[in-house]
Amino acid sequence: MSTAFRFCPLCATPLALIAQEEDSGLVQRLRCPGCDFTHWNNPTPVLAAIVEVDGLVMLARNAAWPGKMYGLITGFMEAGETPEDGIRREIGEETSLSVDALELVGVHDFQRMNQVIITYHARAHGEVRLSPELVDYKLLRPEQLRCWRAGTGMALAQWLRQQGHEPVFMEDLPQKPAAGPARSAG
């Protein structure tokens with residue numbers, strides 16, 4: 001349960017974990033002891049796109065990510081927009097590409113982040129100009145893609161199977177030994 005939500009948005013009283021009878025039985029949630037507000041902590045809808053440009057798939061590197069991780073184009077849905085409108089907006093904002101066609105790949109849970117990811121395959125065209133949120137991108141053939149066993153990685157694996165490629169998961173690849181002091185045997 002997220003504890004980032006600490007105060008009642010209605011009366012500013014500190015929230016407390018309070019058990020209460022709900023349709024499913026006794027449930028403990030963050031609730032306001034002053035006005036009975038309940039913080040439901042529902043998952044946030046996140047949009048993701050497997051962006052294809054001239055038969056290649058774009059992976060981008062977010063400026064906030066550590067290491068050399070690359071991933072799908074993602075973003076939050078905004079009030080008043082459909083998922084399709086939202087992912088078109090995100091692709092345009094983050095890459096300057098125009099979307100020619102969208103196809104739903106699937107909906108996946110990402111419980112670690114309390115998100116539901118709605119993933120699309122987007123065929124796009126144009127000149128890539130990254131937003132300040134992104135620092136680099138790669139265009140890869142589908143068979144070069146490596147998936148991860150969470151969130152958008154599962155959506156990418158599903159799409160690859162739909163395209164006739166068996167996904168390769170990064171976690172299954174041999175790991176390079178950690179650099180450290182040399183040790184002698186014996």
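In the predicted model, three strands make up an open sheet in the order β1-β2-β3, and their pairing is antiparallel. The edge positions belong to β1 (16-22) and β3 (38-39). Each has a single partner strand, so one side of each is left without a neighbour in the sheet. Strand β2 covers residues 25-31 and is joined to β1 by seven bridges. The two strands run antiparallel. The register can be read from individual pairs. A16 has R31 of β2 as its bridge partner. Q20 stands opposite V27, also in β2. A hairpin of two residues links β1 to β2.

On its other pairing, β2 meets β3 in the antiparallel sense over two bridges. R31 is bridged here to T38 of β3. R31 thus appears in two pairs, with A16 and with T38. The hairpin of β2 and β3 has six residues between the strands. Within this hairpin, D36 adopts a positive phi near 70 degrees. Strand β2 is mostly covered, with five of its seven residues buried.

A second group of pairings involves β4. This strand spans residues 44-53 and is mostly covered. Eight of its 10 residues are buried. Strand β4 pairs with β8 through nine bridges, and these two strands run parallel. I50 has H121 of β8 as its bridge partner. Four bridges connect β4 to β6, with the strands antiparallel. In this pairing A48 is matched with T74 of β6. Three bridges join β4 to β5, again in the antiparallel sense. V53 and L56 of β5 are bridge partners. β4 and β5 form a hairpin with two residues between them. D54 lies in the turn and has a positive phi of about 50 degrees.

Strand β8 also holds Q115. Q115 has a relative accessible area of 13%, under the 20% limit, and is therefore buried. Beyond residues up to four places away in sequence, Q115 touches P43, T44, V46, F76, H108, D109 and F110. The loop between β8 and β9 contains S131. S131 has a relative accessibility of 13% and so counts as buried. Its contacts outside the four nearest places in sequence on either side are E93 and E94.

The largest pocket has a volume of about 900 Å³. It is lined by 34 residues. The closest to its centre are W65, M69, G71, W148 and T152. Six elements give two or more residues to this lining: β5 (56-62), β6 (73-76), α1 (83-95), β8 (115-125), β9 (134-140) and α2 (151-162). The most comes from β6, with four residues. By residue class, the lining of the largest pocket divides into 19 nonpolar, eight polar and seven charged.

F169 belongs to the segment after α2. Its relative accessibility is 6%, so F169 counts as buried. Setting aside neighbours within four places in sequence, F169 contacts C147, W148, R149, M154, A157 and R161. R149 is 20 residues from F169 along the chain, yet their C-alpha atoms are separated by 6.9 Å. Two of the contact partners have further entries in this description. W148 is among the residues closest to the centre of the largest pocket. C147 has 0% relative accessibility and so counts as buried.

The cysteines were also examined. The disulfide count comes to zero. C8 is in no disulfide, and the nearest cysteine sulfur, that of C35, is 3.6 Å away. A disulfide requires the sulfur atoms to be within 2.5 Å, so the separation of C8 and C35 does not qualify. C8 is buried, with a relative accessible area of 4%.

Conventions: Residues are numbered from 1 along each chain as its sequence is written. This is a predicted model: local features need pLDDT of at least 70, side-chain atom pairs count only at pLDDT 80 or more; totals for chains, interfaces and linings use all residues. Side-chain values use heavy atoms; hydrogens and water are left out. On a 1 Å grid over the protein atoms alone, a cavity is a set of points where a 1.4 Å probe fits but cannot get out, and a pocket is an open set with protein on both sides within 12 Å along at least five of seven lines; lining residues have an atom within 4 Å of a point. Grid points are joined across faces, edges and corners, and a volume is the space filled by probe spheres set on the points. Ala, Val, Leu, Ile, Met, Phe, Trp, Tyr, Cys and Pro count as nonpolar, Asp, Glu, Lys and Arg as charged, and the others, Gly among them, as polar. Buried means under 20% relative accessible area, exposed over 50%, partly exposed in between (1.4 Å probe, protein chains only). Contact means heavy atoms within 4.5 Å. Two strands pair if DSSP finds at least two bridges between them.
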